[in-house]
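The following account leads the reader through a single protein model, beginning with one residue and widening to the whole. It may be read alongside the sequence and the structure shown here.

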Amino acid sequence: MLKNMVAYEVALAGLMYAGSITIKAGCHDYHVGLMIDALSQLAAQPLGGKGAKGLGRYNLTAMINNEVVVSSVDGDITVDNCGDYMEALGEQLTDIDLDLLDSFFG
């Protein structure tokens with residue numbers, strides 16, 4: 001999951017950041033679902049160092065094929081238009097072989 005993001009400690013209110021994430025054409029729907037889940041969790045996290053004072057909130061819009069899939073405005077997160085991706089992710093997570101994971105990380 002995305003846990004952090006490089007940002008400036010001090011930024012003017014309303015400053016726009018632009019970025020993009022490119023997913024290779026050969027990826028599966030569950031890969032896209034994992035990215036959507038990570039972005040929705042990232043959208044809940046404040047950026048910068050003054051989160052305790054209520055600063056660092058930002059608005060995030062993630063789109064796939066010109067459809068908004070994750071949107072956040074001041075910490076209120078909406079995930080929409082991504083049912084197939086999230087269903088595929090759920091199926092993959094259900095089918096995880098715990099013994100295989102244990103041997104990999106053990």
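In this predicted model, a useful place to begin is Ser 72. Leaving aside neighbours within four places in sequence, Ser 72 is in contact with Ala 43, Tyr 58, Asn 59, Leu 60 and Ile 77. The residue belongs to strand E2, which covers residues 67-73. Is Ser 72 buried or exposed? Its relative accessibility is 1%, and because buried means under 20% relative accessible area, Ser 72 counts as buried.

From this residue the view may be widened to the sheet. Three strands form an open sheet, arranged in the order E1-E2-E3, and their pairing is antiparallel. Strand E1 (60-64) and strand E3 (76-79) are the edge strands, each of them pairing on one side only. From one strand to the next, the twist averages 10°. In general, the strands of a sheet pair through backbone hydrogen bonds, in either a parallel or an antiparallel sense. Here E2 and E3 are joined in the antiparallel sense over four bridges, and Ser 71 stands opposite Thr 78 in E3.

The loops that link these strands deserve separate attention. Between E1 and E2 the loop contains Asn 65 and also Asn 66. Phi of Asn 65 is near 50°, a positive value in a residue other than glycine. For Asn 66, likewise a residue other than glycine, phi is positive and near 65°. With a relative accessible area of 68%, Asn 65 is exposed; Asn 66 is exposed as well, at 72%. The loop between E2 and E3 holds Gly 75, which is partly exposed, with a relative accessible area of 36%. Gly 75 and Tyr 58 are 17 residues apart along the chain, and their C-alpha atoms are separated by 7.4 Å.

Tyr 58 leads on to the interior. It is one of the twelve residues of the largest nonpolar core, which consists of Val 32, Ile 36, Leu 39, Leu 42, Ala 43, Tyr 58, Leu 60, Ala 62, Val 69, Val 70, Cys 82 and Tyr 85. Helix H1 (29-42), E1 and E2 are the elements that give two or more residues to this core. Of these, H1 gives the most, with four residues. Within the core, Cys 82 touches Ile 36 and Val 69, not counting residues up to four places away in sequence. Ala 43, Tyr 58 and Leu 60, which are members of this core, are also among the contacts of Ser 72.

Helix H3 (residues 98-105) offers a contrast to the core. What number of its eight residues is buried? The number is zero, so H3 lies largely in the open. At the start of H3, a side-chain oxygen of Asp 97 reaches to within 3.1 Å of the backbone nitrogen of Asp 99.

These parts can now be placed in the whole. The protein has three helices and three strands, and from the N terminus on its elements run α-β-β-β-α-α. Buried residues make up 17% of its 106 residues. Among contacts between residues at least 6 apart in sequence, 46% join residues at least 24 apart. The protein exposes about 8,400 Å², of which carbon and sulfur atoms supply 54%.

How values were computed
Residues numbered from 1 in each chain as written. Predicted model: local features only at pLDDT ≥ 70, side-chain atom pairs only at ≥ 80, totals over all residues. Heavy atoms only, no water. Buried < 20%, exposed > 50% of the residue type's maximum accessible area, 1.4 Å probe, protein only. Contact = heavy atoms within 4.5 Å. Pairing = 2+ DSSP bridges. Axes fitted to C-alpha atoms, helices over the stretch in contact; angles between N-to-C directions. Core = buried A, V, L, I, M, F, W, Y, C linked by side-chain atoms within 4.5 Å. Polar contact = N/O pair within 3.5 Å; in protein donor to acceptor, adjacent residues only side chain to side chain. Areas by Shrake-Rupley, 256 points an atom, 1.4 Å probe, with all protein chains shown as cover.
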